[in-house]
Amino acid sequence: MAISSSAMALFLFLLLCFSFFSLSHSLRGFFIDCGSTSPTTHGGRTWQSDDGFVFSGINKNVTGPVLDPTLSTVRSFPRVLNRKFCYVVGPVFRTRRYMVRTTYYYGGVNGLDSPPVFDQIVDGTVWSMVNTTEDYALGLTSYYEGIFEAKARTMTVCIGSNMYTDSDPFLSALEVVTLENSLYNTTDFNNYGLRLVARHSFGYNGSNLRHPDDQFDRFWQPFGNSSGNVTSRTVSASGIWNLPPSKIFETELKTDKLEPLELNWPPISLPGPESNFTYYIALYFANDHASSSDNLRVFNISVNGIKYYGDLNASSAGHVVFASQWPLHGLTNITLTPSPLSKLGPLINGGELFHLVSLGERTHAKDVVNLERVKESLKNPPPDWNGDPCFPHEYRWTGITCSGGSRNRVVTLNLTNMDLSGSLSPSIANLTALSGIWLGNNSLSGTIPDLSPLKLLEIVHLQENNFSGEIPLSLGNIPRLRELFLYNNNLAGEVPQSLLNKQLNLRLFPGNHLLAPPPPA
């Protein structure tokens, strides 16, 4: 049951006594111990080594004691400005929601006192900057969490060096957890992801609540002084779309006096108004008294003095009040003010706050598929050829340029003198927006594929390789072709007449074993 409250997409959902959703306490997803060379079991789950998920970087061991076995190794990546190195995680279910959590513990692996600062990227979107300096100085682990919808059969989580990176970036652990589609379902996941800012169990002072209390292993941190009244009531979370753990309803921040309850939450200052950030807010409530006319807790909720929800009648069944896009900046004050109907003061059990991350653009799907096939035909492709080829713009793949615009096509491929070997996949002919191909000075072998579908192609440089066979007749059928370099290969046979008749900068020699071209007609 939902009650609409404002244009801010604010809703109240009663937590009902029966289940709307199938609940399973079996944690599903991918749990990757970065830098580890073999699977390990700890924390109630099996952690996989990162072999098979990532194809660049090196393993490093953390010296000294660590709080968790997954922190004893890291995957370290080369510091190359605006180059991303990606974990490819899958298979995943397209349109399914996933929690992505990255964990960092530096451990001095780069030989410097302070850890590097760098970017992390999900698919084509810069998710956040990673700065673990403050945590590491306190001997703490840092983690980042986001909620994203899978757009393909795999998800990529990438690390990239930015202008602030002063040593090799790294990753300690990566988790990609399958979520129920009810979670955070008022978010437009076609255009946004969610980056966790804060998640707290109010009035709780123990260690983080997580799996098995939270079936998705979300971390609920303690917040505020305990009232000392840990209740034994059990609240089923099955009717709340976000499926919080029922344990958060065992403690609360409250006053039984008919007076406002104020809290400054989250316990950090958010970016200023110039950022124009908006946030997803979810606040959780359950009356610690049995519902009756003598135990009414009815109150108004305001955030920074702005009405958030009015006359919430908090019952023992439980409620969540959430806003899908709420502007916040600086310190945040939440005030719960009793209404004239209330017999008891207000209370609050928990809260979640996410920054809405605008998703970046994506490369045209056909180009992504065919570039992957080109990559598969190379024995040593560039190490950053993972993730989205064109996005983020500053992290596009080595050797490609992209068109921009509504379709985001790959328009040039330049891997000259990259020490490539292998063959050139026929799938390159499906990159139909290409205007230039530069693959000279490598060790590519095999035959030259049919490039005639590339109607926009103007320049082809395949010189100084080991291509063999005949020059394809179809090269003469490319209408815009004006420059073709094939010298110093192992090509044989006749030179197609169609090439000789074109106004073309054609270089076939030295090298090759071609028959003398026929005399001009």
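1. Lining of the largest pocket, by class. In this predicted model, the lining holds 20 nonpolar, 16 polar and nine charged residues.

2. Size and centre. The largest pocket encloses about 1,600 Å³ of space. Its lining counts 45 residues, and those closest to the centre are Asp-135, Thr-141, Ser-142, Tyr-143 and Gln-221.

3. Which elements build this lining? Six of them supply at least two residues each: β5 (45-49), β11 (125-131), α1 (133-137), β12 (142-149), β15 (173-178) and β16 (192-202). The largest share comes from β16, with six residues.

4. Second largest pocket. About 720 Å³ of space lies here. The lining has 21 residues. Nearest the centre are Ala-152, Thr-154, Val-368, Val-369 and Glu-372. Helix α2 (residues 365-377) gives the largest share of this lining, seven residues.

5. Class make-up of the second largest pocket. Ten lining residues are charged, six are nonpolar and five are polar.

6. The five-stranded sheet. Strands of a sheet pair through backbone hydrogen bonds, either parallel or antiparallel. Here the sheet is open, the pairing is parallel, and the order runs β29-β31-β33-β35-β37. Its edge strands are β29 (421-423) and β37 (513-514), each of which pairs on one side only.

7. One pairing in detail. Strand β33 (residues 466-470) runs parallel to strand β35 (residues 490-493), and three bridges join the pair. What is the bridge partner of Glu-470 in β35? That partner is Ala-492.

Key: Residues are numbered from 1 along each chain as its sequence is written. This is a predicted model: local features need pLDDT of at least 70, side-chain atom pairs count only at pLDDT 80 or more; totals for chains, interfaces and linings use all residues. Side-chain values use heavy atoms; hydrogens and water are left out. On a 1 Å grid over the protein atoms alone, a cavity is a set of points where a 1.4 Å probe fits but cannot get out, and a pocket is an open set with protein on both sides within 12 Å along at least five of seven lines; lining residues have an atom within 4 Å of a point. Grid points are joined across faces, edges and corners, and a volume is the space filled by probe spheres set on the points. Helices (H or I, at least four residues) and strands (E, at least two) are DSSP runs, numbered from the N terminus. Ala, Val, Leu, Ile, Met, Phe, Trp, Tyr, Cys and Pro count as nonpolar, Asp, Glu, Lys and Arg as charged, and the others, Gly among them, as polar. Two strands pair if DSSP finds at least two bridges between them.
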